Amino acid sequence: MDRIVIEGGARLHGEIGISGAKNSALKLMAAALLTDEKVALTSMPRLADSRFMAHLLARLGVAVEEGPGSQMQLHAAAITDTYAPYDLVRKMRATFNVLGPLVAREGRAKVSLPGGCAIGARPVDLHLKALEALGAQIELSEGYVEATAPKGGLVGGEIELPFASVGATEHAMLAASLARGESVIDNAAREPEIADLADCLTAMGAEVEGAGTSTIRVQGRDRLNGVTHPVVADRIETATYALAVAAAGGDVVLKGARWEHNKVLWRAINDAGATAEAVEGGVRVARNGSTIRGVDIETQPYPGFPTDAQAQFMAFMATAEGTSVVRETIFENRFMHAPELARLGADISVHGNEAIVRGVDKLVGAPVMATDLRASVSLVIAGLAAEGETVVNRVYHLDRGFERLEEKLTKCGAKIQRLSD
Ligand code: EPZ
């Protein structure tokens, strides 16, 4: 199994190109099921998760081709199967989003209940309610969801989400685009990935209004057309490298990063005493010898502080002056990085959904275990800031969501390499 070995202490200087967003790309790939024409996604991140989604789509009959550059072409000329088995869905939750498009286009589908990172219970009740509101009949049995559309297909409906779930909002948008008439999604999630999906579905011929606000209206169509669509820049990859610079020191321009998608994070970085500023074509993050102060954060749905950057922020706070409180409100089990960060000398105590981080003078490298995607990368950040050698084991978690991580960091002067057994 691969490991990542980091010799800490090097400051980061230069540029890092930000890739397309994993969490947008996966739903855009599911959108390819809605049309018999070609969907070309540009700025596609090459990740274990996108390969995994491609594998599932191929099984359903989609011709998937990678390249040239960071392009992926998906062509669902005909859907040959509407069954997504446990083995292809359990590892990654986003695969569940094929259910709605399959029911919308083929009238029925059988999809395994999903798995994914072990960060909480993560049910799919809201996804199923959304599909029911569009007329689908849902049955659950033996770990599978079987959904059937009424005769004549899905029909537009009112979807009221009790919680602004990202996945359920996207699932509803996908299915509603191929339903008859208008659908309204109330209390919709407002993440930039939702707006990206809305842009893509609109270019495919559906009419999607209000993405980025709490009410989204979708005018469905009988058929949708193909599209070439660029995947939005990854705001979590952006946050991750920003926090790596803020923790390890240096001066880096994150090329292609969208300032407006991480405003709360920039404020926290600046409040802590590092610098984040919008520059032409990206965001510049710097820390040149400044002392870092503890800053409290609470994760919230967008535009609040992203849960997917919470672990990385905690690694940054580990050597801040004073105490910071990190409150996690989205997932109930998302502090698995805390005991691993403690191996490097961090002083973190967890009480329910709150972690109290008491800043220490320095971190010292140690062997650590990656537990989930964002937790893993928080250990990389801590390793970059620490003295001495850190070995991150179980690197496959990182490969799910970070494209060419070692290469991007090495180019900025980090001493980081991958070792394979
Ligand atoms: C997406 O997950 C992202 N994943 C997550 O990123 C991200 O952390 C999350 O949104 C929040 O921003 C993808 O886009 C593939 P939710 P999603 O539905 O859609 C509860 C990463 O590291 N809920 O907004 O699954 C749920 O249990 C990943 O890249 C229900 O109760 O998130 C959670 O507590 C991790 N019932 C909360 O809502 C449902 O039917 C938020 O989940 C759905 C969700």
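User: Into how many nonpolar, polar and charged residues does the shell around the ligand divide?
Analyst: This is a predicted model, in which local features need pLDDT of at least 70, side-chain atom pairs count only at pLDDT 80 or more, and totals for chains, interfaces and linings use all residues. Residues are numbered from 1 along each chain as its sequence is written, and side-chain values use heavy atoms, with hydrogens and water left out. Ala, Val, Leu, Ile, Met, Phe, Trp, Tyr, Cys and Pro count as nonpolar, Asp, Glu, Lys and Arg as charged, and the others, Gly among them, as polar. On that basis the shell divides into 10 nonpolar, 5 polar and 8 charged residues.

User: Which residues are the closest to the ligand?
Analyst: A residue is near the ligand if one of its heavy atoms lies within 4 Å of it. In total, 23 residues surround the ligand, and the closest are D125, S165, D308, I330 and R374.

User: Which helices each supply at least two residues of the shell around the ligand?
Analyst: Helices are DSSP runs (H or I, at least four residues), and strands are runs of E (at least two), numbered from the N terminus. The helices that each supply at least two shell residues are α1 (22-31), α5 (125-133), α6 (166-176) and α12 (373-385).

User: Where does T319 lie?
Analyst: In space, T319 is 7.5 Å from I292, C-alpha to C-alpha, although the two are 27 residues apart in sequence. The position of T319 is the loop between α10 (310-317) and β19 (323-327).
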